[in-house]
Amino acid sequence: MTARTSYLARQILRYSITLFIIITLVFLIPRMMPGDPFISLLGEDVYYRSPELVSALKAEYGLDRPLPEQYISYLYGLLKGDLGYSIHCSQPVWDVITYKMKWTVVLLLPSAVLAAILGIVLGSISGWQRGQRTDTSITTLFLFIYSMPHYWLAMFFVLIFAFYLGVFPLSGITGGGLVGWRKLQDILWHMALPVTVLTLFGATYNYFIMRGSVVQASRESYVLTARAKGLSERDVLFRHVLRNAMLPLVTVIALDFGFMVSGALLVEIVFSWGGMGTLVYDAVLARDYPLLHGSFLVIAAFVLVSNFLAEVIYAVIDPRIKGR
Amino acid sequence: MRTDRLRSALVCITAVFIISLSIGLQAIAADSGTDKSSGGSESDREAVTLRAGLYTQEYPSVFNALRRPSYNQLNELFAVTHVGLAVFGPDFTPEPCLAKSWEVASDGRSIKFYLVDNATWHDGTPVRAEDVKFTYEYWRDNQLYRQGGWLNEYLDRVDVEDEFTGTVYLTQPYAYYFIKSLFPSVYIVPKHIWEKVDKPREYGEPDGMIGCGPFIFEKIDRDADTAYFKANPDYFRGSPAIDRIEWKHYRTVDSTLLALKKGDIDVIIDEAPSGVLVPSLMNEKGLTIEVGPNPGLPLLIFNYKKYPLNQTMFRRALSYAIDYQSLVDAIEAGYGEVPGAGILSSCIVESNPEIPKLEFNLTRSNEILDSLGFLDSNADGIRNLPDGSELQFQVIAWTDGKDMRVAEMLSYMFKKVGIDLQPYTNELSVLQKMVWEDRDYDMHIDFHDPYMTALGFATIDLVPMQYGTCTDPQFSQLYNATMSAKDPDELKRTVYDLQDYYSAELPGIALYWSKSIYPYRSDRFEDWVPLEGYGLTSHQSWFNVEPVNG
């Protein structure tokens, strides 16, 4: 077994253990919250008036069984690839999640990529020109954006660009009643503002990490060597500094992808975008245990896979890890 | 080398966009088939289409007329496809609808109804008395909403006499109350569809929206979060004045109002925006705000199990400590009025105009508290009970922000007469358990729906689905008399008596009478007929509303 294979095997084992712990926690935590999933299904009138109906429903969904028994049943379902049946949505959990996830990915994948590009490019330039006018201007602007709540900026954009200027729609995924390419155009038009808001926030975060990293790397002796070799400033930045400065950002960007399924809740609400954020929010309010298990599990899986990929990329690009 | 890297990076970025684009395309491909079947034709584009907005947490994931999270705005949405035996008139009087007439038995225990003979379901099947019998028993047996509980408690049976005639038998002499509250609110559903459905709350097939109302459900577009309806040309009361409705869902009131101001929608269903939002709507070109009385109201409810909240004089002292006009001004921006001691808003037919308004009088409040012996014995600014404990209470504010603002204002007002009132809020389920199940609270603020239910549900433990704690036999007797009234005159008389009791005993206090505020695009449609408290999209509106410019 090579050193790299051994490294990856250890990581896989570690992630498997983490996943098992997460599966257990996502089973337990929703059940520790006060409330009952059947209140939202029946309404409070019926819930408090008809205990026999509530008991029958609990038995039907297996929620009357002892917790260990429910847990084993849940694990058994997962092994079969069955995430369960949503009490609140009256549909299989997998169907609900795949529908919502589709729209979250459509919204957040471009945002994460654009935020990474913007953060890397501007962070590098600012870090390399530390203290100069470009750095000061960009840092001031990004600090301003970074200090705002997501939802506030989202509302501001809605007000300015959708309401007053009328160049974008106020909310939603599509206006409805369209098919084919016109629908695609309409979706892209609806995506513009939420993607911009999410990109700006993602970019500010990436920007500050990248900037700090470039500032730190630019003091290293290999930079001096590169300059002494007669390389242009541009070559020093992009061929030497950037490669080393990128390392911490790889983790951040990977985590961005991981958290993107859950991180846009408020932006989704402001733009009435029916993705995973609003799904989790509604599931929490409804105490829909199966839907919460499924949603949290998918989110956790995203984070783990992203982390794992970050580690793999690290192993590929960082010679210090290559050698371990 | 650098060119290769650049190319690789570009390929990666392009791949990401292609993936997200392909997901969008896949969504389009998935529903393009269904889209072709509805809308988009030339004739549809020329049709008169109303674009309505609805703000609520979410559209139900299963769209059928019997699936609502609770009794909320969706009730009004389903009222376009479904009707009851009666509809509410503008003053909440039940007017004939699916039943062209009815007769109440002299003992008040049965109602004979006569159906119209030209009503058909949207699938062409005629509506029969068997459907009515099935519906009432189905709502009862499946415990559907508040009405289901009421039917479970008081419906004995429904007998069918012929295709268009039947009799509803009750276990108590509550026939007139039944007509007034359940005839309009229990939507009749087709037996031939629902008899095969065991779990109405989970049923998601398209025929679950088949009714006999003025509009036919076409589809719900989940991507657009919009439900589509078309006019029912065979509706037994005539064809509606508009051809199509596009009903769009919004998650917040702010986004709904922005859409209205921008002209994306023409009207909002049901829920009236708070008075404090009115200034932002004024002077908007093409927008008109219909302001009317609101029969709904916020109530302060006391727990009779706790001393001294079970003392009439103490409750009276509290009533004098409330600055009602300040509540109207701060919570509703002046769109309201000081309430009467009989609780019911003056716009309700059965409200007694002779009952005086509640009075803000700190001097009187302090005098009563002093006379009860509740003095500030330790000079800390808070009065003490005779046993030395502080006069300290908790008031439950439900999760709505408006409730908490009201609770905070009450806390501030009561402090002026030496009473410490702590606003309390928590998870909705925790509060529901405290109020509904354990009845373990001092006071709570509840916003009541329109209609006269506020008199009964708030404060007594007489009929099901209440959270009150007052068990005074006199009150129960008076309330029972309102339920047993056999005609409008008797109902009015008994409600007057009950309001007298409220005025004298104050088992609950109305905090203000607010206004209904209904903004709509008057440059698109006019001549709405509001059902005060439930919005502009009333049954009457569908036949009265006129598109502007033809």
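**Exercise 1. Work out how far helix H8 (residues 150-164) of chain A should span, and check that against its ends.**

This is a predicted model, so we're working with computed values throughout.
- Step 1: H8 of chain A has 15 residues.
- Step 2: The rise is 1.5 Å a residue, and the expected span is 1.5 Å times one less than the number of residues, which gives 21 Å.
- Step 3: The end C-alpha atoms sit 20 Å apart, which agrees with the expected span.

**Exercise 2. Find where H8(A) kinks, and say what follows the helix.**

- Step 1: Look at A:Val158, where a kink of about 25° is centred.
- Step 2: Now go just past the end of H8(A), where A:Gly166 has a positive phi of about 70°.

**Exercise 3. Which residues of H8(A) are buried, and what do they pack against?**

- Step 1: Pick out the buried ones: A:Leu153, A:Ala154, A:Phe157, A:Val158, A:Ala162 and A:Phe163.
- Step 2: Within chain A, their packing partners are helix H7 (133-146), helix H9 (180-217) and helix H12 (265-270).
- Step 3: Chain B joins in too, through its helix H8 (253-262).

**Exercise 4. Describe the largest nonpolar core, then look for a second one.**

- Step 1: The largest core has 84 residues, and A:Phe38 and B:Trp194 are among those with the most contacts inside it.
- Step 2: Zoom in on A:Phe38: leaving out residues up to four places away in sequence, it touches A:Gly43, A:Tyr47, A:Leu57, A:Lys58, A:Tyr61, A:Leu63 and A:Ile87.
- Step 3: There's also a second, separate core of 42 residues, including A:Leu153 and A:Val158. You've already met that pair as buried residues of H8(A).
- Step 4: As background, nonpolar side chains tend to be buried together in soluble globular proteins.

**Exercise 5. Classify two aromatic pairs in chain B.**

- Step 1: The whole structure holds 36 aromatic pairs over all chains.
- Step 2: Take B:Tyr235 and B:Phe236: their centres are 4.6 Å apart with 50° between the planes, a tilted pair.
- Step 3: Check burial, for which the cut-off is under 20% relative accessible area. B:Tyr235 comes in at 4%, so it counts as buried, and B:Phe236, at 12%, is buried as well.
- Step 4: Next come B:Phe475 and B:Tyr502, whose ring centres are 5.5 Å apart; their planes meet at 75°, so this pair is edge-to-face.
- Step 5: B:Phe475 belongs to helix H16 (residues 473-483) of chain B and B:Tyr502 to helix H17 (residues 488-505) of chain B, so the pair ties together parts 27 residues apart in sequence.
- Step 6: Both B:Phe475 and B:Tyr502 are buried.

Note on methods:
Residues are numbered from 1 along each chain as its sequence is written. Chains are lettered from A and ligands numbered from 1 in the order in which they are written. This is a predicted model: local features need pLDDT of at least 70, side-chain atom pairs count only at pLDDT 80 or more; totals for chains, interfaces and linings use all residues. Side-chain values use heavy atoms; hydrogens and water are left out. Helices (H or I, at least four residues) and strands (E, at least two) are DSSP runs, numbered from the N terminus. The bend at a residue is the angle between axes fitted to the seven residues ending there and the seven starting there. Buried means under 20% relative accessible area, exposed over 50%, partly exposed in between (1.4 Å probe, protein chains only). Contact means heavy atoms within 4.5 Å. A nonpolar core is a set of buried Ala, Val, Leu, Ile, Met, Phe, Trp, Tyr and Cys residues joined through side-chain atoms within 4.5 Å. Rings of Phe, Tyr and Trp (its six-membered ring) pair if their centres lie within 6.5 Å; planes under 30 degrees apart count as stacked, over 60 as edge-to-face and the rest as tilted.
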